[in-house]
Amino acid sequence: MTDLDHRFGVKEANLVVRYLKLEGITAENRDKLVSSIDQIIGIDSVSYDESAATLKMAYDASHCDLDLFESLIQAQGAQLSSGIWTRVKEGFYKYVDQNVKDNAEHDPYCNNALPKALPGSRKR
């Protein structure tokens with residue numbers, strides 16, 4: 001796949017997929033939540049699995065982060081599951097998102113020049 005296979009603002013190299021188990025989801029706030037997340041630049045796809053109570057998102061981690069999605073979830077009256085597995089995944093997701101964001105901003109530098117001789121050293 002290439003960057004052209006994704007929505008605007010999403011680069012293939014920065015694409016991550018996240019599964020978040022939610023609590024407090026109703027039919028009304030589910031549709032509002034999915035549509036509000038879907039409008040964010042950098043989102044490739046978002047869906048909600050009713051049977052597993054899980055929100056599945058694919059997004060460019062250089063534009064979006066998990067804190068943004070948590071605030072949108074809480075604004076709709078829902079919250080992340082309080083289970084230990086959800087908390088472990090949340091910490092891992094935040095770490096990886098920050099790493100992707102840092103790497104996207106990094107400007108690689110390569111200097112192929114030979115090092116200069118230190119003052120006072122002799123050439124041989």
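**Exercise 1. Describe how helix 2 and helix 3 meet in this predicted model.**

Step 1. Locate the two elements. Helix 2 covers residues 66–75, and helix 3 covers residues 84–105.

Step 2. Take the distance and the angle. The two axes come within 9 Å, and they cross at roughly 130°.

Step 3. Classify the crossing. Angles over 145 degrees would count as roughly antiparallel, and 65 to 115 as roughly perpendicular. Helix 2 is therefore oblique to helix 3.

Step 4. List the residues that meet. Helix 2 brings L66, D67 and E70. Helix 3 brings E90, Y93, K94 and D97.

Step 5. Sort these residues by character. Two are nonpolar, five are charged and none is polar.

**Exercise 2. Find out whether Y93 is buried or exposed, and describe its pairing with F92.**

Step 1. Begin with the contact. Y93 is one of the helix 3 residues that meet helix 2.

Step 2. Check the accessibility. Y93 has a relative accessible area of 8%. Buried means under 20%, so Y93 is buried.

Step 3. Turn to the rings. The structure holds two aromatic pairs. In one of them, the ring centres of F92 and Y93 are 6.5 Å apart.

Step 4. Classify the pair. The ring planes of F92 and Y93 stand at 50°, so this pair is tilted.

**Exercise 3. Set out the overall plan of the protein.**

Step 1. Count the elements. There are three helices and four strands.

Step 2. Read their order. From the N terminus on, it is β-α-β-β-α-β-α.

Step 3. Look at burial. The protein has 124 residues, and 32% of them count as buried.

Step 4. Look at the range of contacts. Take the contacts between residues at least 6 apart in sequence: 67% of these join residues at least 24 apart.

**Exercise 4. Which residues does T54 contact beyond its neighbours within four places in sequence?**

Step 1. Place the residue. T54 is in strand 3, which spans residues 54–60.

Step 2. Judge its exposure. The relative accessibility of T54 is 16%, so T54 counts as buried.

Step 3. Name the contacts. With those neighbours set aside, T54 touches Y19, L20 and K21, as well as S47, Y48 and D49.

Step 4. Add the polar contact. The T54 side chain reaches the backbone oxygen of A52 at 3.0 Å.

**Exercise 5. What is the sign of phi at A53?**

Step 1. Place the residue. A53 lies in the loop between strand 2 (43–49) and strand 3.

Step 2. Recall the general pattern. Most residues other than glycine have a negative phi.

Step 3. Read the value. Phi of A53 is near 55°, which is positive, and A53 is not a glycine.

**Exercise 6. Place G83 and S35, and give a C-alpha distance for each.**

Step 1. Start with G83. G83 sits in the loop between strand 4 (79–80) and helix 3. Its relative accessibility is 28%, so G83 counts as partly exposed.

Step 2. Pair G83 with K21. The two are 62 residues apart in sequence, and their C-alpha atoms are 8.9 Å apart.

Step 3. Move to S35. S35 belongs to helix 1, residues 27–38. With a relative accessible area of 35%, S35 is partly exposed.

Step 4. Pair S35 with V46. They are eleven residues apart along the chain, and 8.6 Å separates their C-alpha atoms.

Step 5. Finish with the S35 side chain. It reaches the backbone oxygen of K32 at 3.1 Å.

Definitions and conventions
Residues are numbered from 1 along each chain as its sequence is written. This is a predicted model: local features need pLDDT of at least 70, side-chain atom pairs count only at pLDDT 80 or more; totals for chains, interfaces and linings use all residues. Side-chain values use heavy atoms; hydrogens and water are left out. Axes are lines fitted to C-alpha atoms, for helices over the stretch in contact, and angles run from 0 to 180 degrees between N-to-C directions. Helices (H or I, at least four residues) and strands (E, at least two) are DSSP runs, numbered from the N terminus. Angles under 35 degrees count as roughly parallel, over 145 as roughly antiparallel, 65 to 115 as roughly perpendicular and the rest as oblique. Contact means heavy atoms within 4.5 Å. Ala, Val, Leu, Ile, Met, Phe, Trp, Tyr, Cys and Pro count as nonpolar, Asp, Glu, Lys and Arg as charged, and the others, Gly among them, as polar. Buried means under 20% relative accessible area, exposed over 50%, partly exposed in between (1.4 Å probe, protein chains only). Rings of Phe, Tyr and Trp (its six-membered ring) pair if their centres lie within 6.5 Å; planes under 30 degrees apart count as stacked, over 60 as edge-to-face and the rest as tilted. A polar contact is a pair of N or O atoms within 3.5 Å; within protein, one must be able to donate a hydrogen and the other to accept it, and residues adjacent in sequence count only if both atoms are side-chain atoms.
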